[in-house]
Amino acid sequence: MSDEAELDDFEPDQDDEEEEREDDAKDTDKWEDEKEEEDFFEEWIPTPLTMDKMKAELSLLSKTGHGLAHAYTKLGIKNRDLTDISLLCSYIYLRYVDISENLKDLSPLNSLTHLLWFKADGNQLQSAQLNELPYLQIASFAYNQITDTEGISHPHLGILNLKGWVLRRGNHICMVTGLYSQKLITHTLELRGNQLESTLGINLPKLKNLFLAQNLLNKVEGLENLVNLSTFHLQDNQIATLSGFSKEMKSLQYLNLRGNMITDLRELAQLRDLPKLPALVLLDNPCADDHDYRQEALVQMAQLKRLDKELYEEEDRTEASEIRLQRLKEEQEPEQEAEPQHDPELDQPL
């Protein structure tokens, strides 16, 4: 299998919001059940990665960098209760590693300078910090105990998954720091289910997909540099205003605001300067209960093609355009009435 195919297999799912919610619920139940069972065993028992375990799980024989030898480049040791993976330091040609649901320390990965992707989901990691890995393209630290985004500086990292959790366990990042555009070319950032209170710090101009659902956000701010962002998930936050959206976000094509606190559809006027935004999700906001909800959304945003998965028809556009023109006319009439009238008698000579 080619490197490209392996990387494609590791790409995060881009399902719609309903499927994402269902998957989250299933994963939560499964994870909670597993952790409750583990809580019965409080005694810590060292379990190192052994040569026998390594040999049993190695696969994908490939040529090494100089092309004159071969080495196994893929390792899957998920859910083995490992506490020590120092043996990995001897396997420098590994490119694909899944070490999920095991341990607290990933420092042996610093020796794997040929890594292209790795999964370290469901461990007990408190940090995502590693030495710079020059070829790493995909890294997943979902469902750990990570509290910050410092120490992530892999120059070819395209996909970074720091997904938190919706119940008691998991990452709980409150602020994004240390993600610098000079060090990262990240195009997909997953921070769903953390405890973010602000969007400040996400300064990644090459970013295309941003997942910030299920956090504690009440607005967006500091995203002016996200000129390539096309997909933005913000569902299940506490957002009441859209004033933080910048006209510089000119590539945005899909915005999910489901389950927030937007009460006034006039807030959508803040999105008029986003010409490529044809798809918007506003379900489960207070404004979605308005009787003319769909029509008013289109009045406010002429570029909309789809609201809550439902396409607008041409007659909807015509009606919204007429309403828009009528309102513009009504706004102009008071201005005309307020203009001073010209008195011809003032032009008569004395």
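# Close-up views of a predicted model

**Figure 1. N102 is a buried loop residue.** At 10% relative accessibility, N102 counts as buried. The model shown here and in the other views is predicted. N102 sits in the loop between strand 3 and strand 4 (117–119). T83 is 19 residues away from N102 in sequence. Their C-alpha atoms are 6.7 Å apart in space. Buried here means under 20% relative accessible area, so N102, at 10%, meets the cut-off.

**Figure 2. The largest nonpolar core holds 75 residues.** Five members of this core touch the most other members: L106, F118, F141, F232 and F245. Helix 4 (residues 293–300) gives the most to the core, with 4 residues. A second core is separate and has 6 residues. Among them are L60, L116, W117 and I159. In soluble globular proteins, nonpolar side chains tend to be buried together.

**Figure 3. Helix 4 is mostly covered.** How many of the residues of helix 4 are buried? The count is 6 of its 8 residues. Y293 is one of the buried residues of helix 4. E296, A297, L298, V299 and Q300 complete the buried set. Buried E296 and Q300 thus stand in the list alongside A297, L298 and V299.

**Figure 4. R80 and E57 form a salt bridge.** The closest N and O atoms of R80 and E57 are 2.9 Å apart. R80 lies in the loop between strand 2 (70–76) and strand 3 (96–98), while E57 lies in helix 3 (residues 51–57), so the pair ties together parts that are 23 residues apart in sequence. R80 is partly exposed, at 33% relative accessible area. E57 is also partly exposed, with a value of 23%. The structure holds 8 salt bridges, and the next view turns to two others.

**Figure 5. Two further salt bridges: E221 with K219, and R266 with D264.** E221 pairs with K219 in a salt bridge. Their closest N and O atoms lie 3.9 Å apart. E221 is partly exposed, with a relative accessible area of 23%. K219 is partly exposed too, at 36%. R266 forms its salt bridge with D264. Here the closest N and O atoms are 2.9 Å apart. Is R266 buried or exposed? R266 is exposed, at 58% relative accessible area. D264 counts as partly exposed, at 27%.

**Figure 6. A patch of negative charge lies on the surface.** Which residues gather in this patch? They are E313, E314, E315, E319 and E322. E314 is found in helix 5 (residues 314–337). At 57% relative accessibility, E314 is exposed. The cut-off for exposed is over 50% relative accessible area, so the 57% of E314 passes it.

**Figure 7. Y143 is a buried tyrosine with a positive phi.** Y143 lies in the loop between strand 5 (138–140) and strand 6. Y143 is buried, with a relative accessible area of 15%. Q124 is 19 residues from Y143 along the chain. The C-alpha atoms of Y143 and Q124 are separated by 8.4 Å. The phi of Y143 is positive, about 60°, although Y143 is not a glycine.

**Figure 8. Q214 has a positive phi and is not a glycine.** What is the phi of Q214? The value is about 60°. Q214 is placed in the loop between strand 8 (209–211) and strand 9 (231–233).

**Figure 9. K183 is a partly exposed loop residue.** K183 is found in the loop between strand 6 (159–161) and strand 7 (188–190). The relative accessible area of K183 is 44%, which makes K183 partly exposed. H156 and K183 are 27 residues apart in sequence. In space, C-alpha to C-alpha, H156 and K183 are 8.5 Å apart.

How values were computed: Residues are numbered from 1 along each chain as its sequence is written. This is a predicted model: local features need pLDDT of at least 70, side-chain atom pairs count only at pLDDT 80 or more; totals for chains, interfaces and linings use all residues. Side-chain values use heavy atoms; hydrogens and water are left out. Patches are made of residues with over 30% relative accessible area and no salt bridge: like charges are joined within 9 Å, nonpolar side chains (Val, Leu, Ile, Met, Phe, Trp, Tyr) within 5 Å. Accessible areas come from the Shrake-Rupley method with a 1.4 Å probe; for residues, only the protein chains shown count as cover. A salt bridge is a side-chain nitrogen of Lys or Arg within 4 Å of a carboxyl oxygen of Asp or Glu. Lys and Arg count as positive and Asp and Glu as negative; His and the chain ends are not counted. The place of a charge is taken as NZ of Lys, CZ of Arg, CG of Asp or CD of Glu. Helices (H or I, at least four residues) and strands (E, at least two) are DSSP runs, numbered from the N terminus. Buried means under 20% relative accessible area, exposed over 50%, partly exposed in between (1.4 Å probe, protein chains only). A nonpolar core is a set of buried Ala, Val, Leu, Ile, Met, Phe, Trp, Tyr and Cys residues joined through side-chain atoms within 4.5 Å.
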